[in-house]
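Student: Mind if we go through this one together? I'd like to talk helices and charged pairs.

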Amino acid sequence: MDQDMVLRAKVQLLSANRRVVRGAEGLWIYRLLTQVEPEVYGSKLAYVLVEASASPLVRELPGQRLALLDEAVAVATALDAANPYRAKMLARALAARRELDGRQAK
């Protein structure tokens, strides 16, 4: 792992001065930091992935949405069972996945 990239991601995270960084920037930050500290950043990555799957940029691209939601489910599933955000993020990702499956079936 490139430590300069990790440091850059942490600086961006701190400078954002928000609880959760959203959008493409948040995806980049949390994807990178989850590789280093999955229990700390994984739940936020899952949150941002589900949010990104509903964005106007991918709303009409079911393949892209599915990929984002599958990643969110995988990230949330990988969290330790003791992680206080695991159940909530996994439920949120699975619900969004079911909703997408329901729309595709129509």
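Tutor: Sure, starting with Arg18: its relative accessible area is 46%, which makes it partly exposed (buried is under 20%, exposed over 50%, partly exposed in between, with a 1.4 Å probe and protein chains only). Keep in mind that this is a predicted model, where local features need pLDDT of at least 70, side-chain atom pairs count only at pLDDT 80 or more, and totals for chains, interfaces and linings use all residues. Residues are numbered from 1 along each chain as its sequence is written, and side-chain values use heavy atoms, leaving out hydrogens and water.

Student: Which residue does the Arg18 side chain meet in a salt bridge?

Tutor: A salt bridge here is a side-chain nitrogen of Lys or Arg within 4 Å of a carboxyl oxygen of Asp or Glu. For Arg18 the N to O distance is 3.9 Å. The partner counts as partly exposed, at 33% relative accessibility. That partner is Glu25.

Student: How many residues apart in sequence are the parts that Arg22 and Glu51 tie together?

Tutor: The side chains of Arg22 and Glu51 meet in a salt bridge at 2.8 Å, N to O. Arg22 lies in the loop between α1 (3-16) and α2 (23-36), while Glu51 is in helix α3 (residues 38-53), so the pair ties together parts separated by 29 residues. (Helices are DSSP runs of H or I, at least four residues, numbered from the N terminus.)

Student: Which residues are joined into one network with Asp70?

Tutor: Asp70 forms a salt bridge with Arg97, their closest N and O atoms being 2.6 Å apart. Arg97 lies in helix α5 (residues 86-105) and Asp70 in helix α4, so this pair links parts 27 residues apart in sequence. Salt bridges that share partners join Asp70 to Arg97 and Asp101.

Student: What span should helix α4 have, at 1.5 Å a residue?

Tutor: Helix α4 covers residues 62-78, which is 17 residues. The expected span is 1.5 Å times one less than the number of residues. The end C-alpha atoms are 24 Å apart, which agrees with the expected 24 Å.

Student: How wide an arc do the buried residues of α4 cover around the axis?

Tutor: The buried residues are Arg65, Leu68, Leu69, Ala72, Val73, Val75 and Ala76. An α-helix has 3.6 residues a turn, so residues three or four places apart point the same way. Taking directions from the helix axis to the C-beta atoms, the buried set sits on the same side of α4, because the arc is only 165°.

Student: Which exposed residues does the face turned away from the buried side of α4 carry?

Tutor: Look at the face of α4 turned away from its buried side. The exposed residues there are Gly63 and Ala78.

How values were computed. Helix = DSSP H or I, 4+ residues; strand = E, 2+ residues; numbered from the N terminus.
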